[in-house]
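Let's look at how a few structural labels are earned, step by step. Here is the structure to keep beside you as we go.

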Amino acid sequence: MSPAERLSVMIWAGYAAAVKVVLQRCDQITCLTEGIRKVTEQEYGLDLSSAAVIGMGVDTETFEPADGRQTSDSFSRPLTVTYVGSLGAARGLPHVIEALAECSVAFEFHIAGDGQSGYIDAMQAKAAQLGVADQIVWYGRVPHSDVPELLTRTDVAISPLEDIESYRISFPAKLLEYMAAGTVVMATDIPPHQRLITDGHNGILYDGTATGLCSAIEQCLNDPALASQTETTARETAEAHDWDTVVNKHAAVLFPTATPSQASV
C-alpha cells in the first residue's frame, strides 16, 4: 500500500477501536434499525441484543396536507411526481426519466436536491435523448423549510432508490415526510421502504423499473379509491411516528422507572 493508504487504514483502525471502547462503556445503546444493530454487533464484536431499536420521526405539524386537498380526486394534469433528496448513483433517477417516455399517462417529474454536477448533466442528457427534458423541473438544493410547501403541490411523492447494501439497513425518514404531507407515496420494493409501506395500504411499492412505475401510476389514476385510501393511511402512519411519540420511546428506554410525564420532560 502507498503511505497515504497505510495512513488511512491506521486512522480507520484507531477510530474503530475508539468507537468500540465508547460502545462498551455505554449504559444504553439505541439503533435506528435492526439492520444497524446487527452490523454494529458484527463490526465491533459486541453483544447488542439488549439495544433498543427506535426509528426516526417526523414533525406532523410542519408536514401536513394542503388545506382543502381532496386527495386523488384533485390530481393535477399532467400528474406531478416529486422526488426530494440527494442526486447520485443508486438513487434511481434513470428509470423515472425512462418512465416519462414510456408511460401512457403524462406526468411531470419534479426534482428537489443536488449532487455531483457530472451525474446531473448525465441525467439531463438522458432526458434530452428521450425527448422528455421539458417534463422535468430541476429545483436544485431546496431548504428543508421549503419542502413541506413543495410537497403540498405534488400528486405523487416518490423514493426510487435501488437495492444496495447501505440502504438495506437504513431508515427511510424521507417517506415519513411524504406520508405526513398527504401525497400518494410510491417507492421501490426494497427492505427500507418495506419497513414503513405496506403495498396498497399506505403507499405503493413497485419493482424499480420504468414499466413498474408506469403501472403504479396508472393503478392510482384508474382506482381513485385506492389512491385516496393510501393517502389517508399514510398520514396515519406519519402521525404514529410523530417526534413526540419517538421522543417518548427514547425516554422510556433511558428512564424506565420514571412516570410518562417525568420521562418526557
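Q: Why are α7 and α10 called oblique to each other?
A: This is a predicted model, and in it the axes of α7 (residues 173–180) and α10 (residues 224–240) cross at roughly 125°. Angles of 65 to 115 degrees count as roughly perpendicular and those over 145 as roughly antiparallel. The crossing angle of roughly 125° fits neither range, so α7 and α10 are oblique to each other. The axes come within 7 Å, and the crossing is left-handed.

Q: Which residues make the contact of α7 with α10?
A: From α7 come Leu176, Met179 and Ala180, and they meet Ala234, Arg235, Thr237 and Ala238 of α10. Sorted by type, these residues are five nonpolar, one polar and one charged.

Q: What makes β5 and β8 the edge strands of the open sheet?
A: The six strands follow the order β5-β4-β3-β6-β7-β8, with parallel pairing. Both β5 (136–140) and β8 (204–206) pair on one side only, and that makes them edge strands. On average, neighbouring strands are turned by 25° against each other, direction ignored.

Q: How do you know that β3 pairs with β6?
A: Pairing needs at least two bridges. Two bridges join β3 (residues 79–84) to β6 (residues 156–159), so this parallel pair meets the requirement. Thr82 has Ala157 in β6 as its bridge partner.

Q: Which helix packs on the sheet, and which strands are touched?
A: Helix α3 (residues 93–102) does, touching β3, β4, β5, β6, β7 and β8. The direction of α3 makes about 155° with that of β4 (107–112).

Note on methods
Residues numbered from 1 in each chain as written. Predicted model: local features only at pLDDT ≥ 70, side-chain atom pairs only at ≥ 80, totals over all residues. Heavy atoms only, no water. Axes fitted to C-alpha atoms, helices over the stretch in contact; angles between N-to-C directions. Helix = DSSP H or I, 4+ residues; strand = E, 2+ residues; numbered from the N terminus. Parallel < 35°, antiparallel > 145°, perpendicular 65-115°, else oblique. Left-handed = near helix turned anticlockwise from the far one by under 90°. Contact = heavy atoms within 4.5 Å. Nonpolar A, V, L, I, M, F, W, Y, C, P; charged D, E, K, R; others polar.
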